[in-house]
Amino acid sequence: MAYIKYKNKTTPLAITWALLMIGLFLGASAAWLTHIFWTIKTLSSPEGSTIGQAALGFIGALMPPVGILHGIAIWLGLA
């Protein structure tokens with residue numbers, strides 16, 4: 001069961017690996033979109049936003065790894 005390809009047949013390990021990669025991609029995309037929605041909501045709020053919030057929103061939008069980490073932190077209630 002540990003074979004990736006054997007005589008042009010797809011094994012369960014290859015299917016599991018593909019599903020894991022798709023799941024990681026979708027999860028990272030959802031976390032980044034969560035960050036983008038947070039940025040839009042924060043910057044357009046009537047109370048305004050701090051310079052730190054604006055900087056985090058801008059940096060996270062341009063550098064997706066930062067936005068992904070912030071999006072996950074939002075999900076976990078840490079931000």
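Author: A crossing is called left-handed if the near helix is turned anticlockwise from the far one by less than a right angle; in this predicted model, helix 2 passes helix 3 in such a left-handed crossing. The contact is made by Leu56, Ile59, Gly60 and Leu62 on the side of helix 2, and by Pro64, Val66, Gly67 and His70 on the side of helix 3.

Reader: Why are helix 2 and helix 3 called oblique to each other?

Author: Their axes lie 5 Å apart and the packing angle is about 120°. Since angles of 65 to 115 degrees count as roughly perpendicular and those over 145 as roughly antiparallel, the value belongs to neither class, and the two helices are therefore oblique.

Reader: How do you know that the span of helix 3 agrees with its number of residues?

Author: The expected span is 1.5 Å times one less than the number of residues, so the 12 residues of helix 3, residues 64–75, should span 16 Å, and the end C-alpha atoms are indeed 16 Å apart.

Reader: Which residues of helix 3 are called buried, and why are they said to line one face?

Author: With buried meaning under 20% relative accessible area, the residues concerned are Gly67, His70, Gly71 and Ala73. Seen down the axis of helix 3, they fall within an arc of 160°, so they line one face of the helix. What covers them includes helix 1 (12–43) and helix 2 (51–62).

Reader: What does the face of helix 3 turned away from its buried side carry?

Author: That face carries Pro65 and Leu69, which are exposed, a word reserved for over 50% relative accessible area.

Terms used
Residues are numbered from 1 along each chain as its sequence is written. This is a predicted model: local features need pLDDT of at least 70, side-chain atom pairs count only at pLDDT 80 or more; totals for chains, interfaces and linings use all residues. Side-chain values use heavy atoms; hydrogens and water are left out. Helices (H or I, at least four residues) and strands (E, at least two) are DSSP runs, numbered from the N terminus. Buried means under 20% relative accessible area, exposed over 50%, partly exposed in between (1.4 Å probe, protein chains only). The arc is that of the directions from the helix axis to the C-beta atoms. Contact means heavy atoms within 4.5 Å. Axes are lines fitted to C-alpha atoms, for helices over the stretch in contact, and angles run from 0 to 180 degrees between N-to-C directions. Angles under 35 degrees count as roughly parallel, over 145 as roughly antiparallel, 65 to 115 as roughly perpendicular and the rest as oblique.
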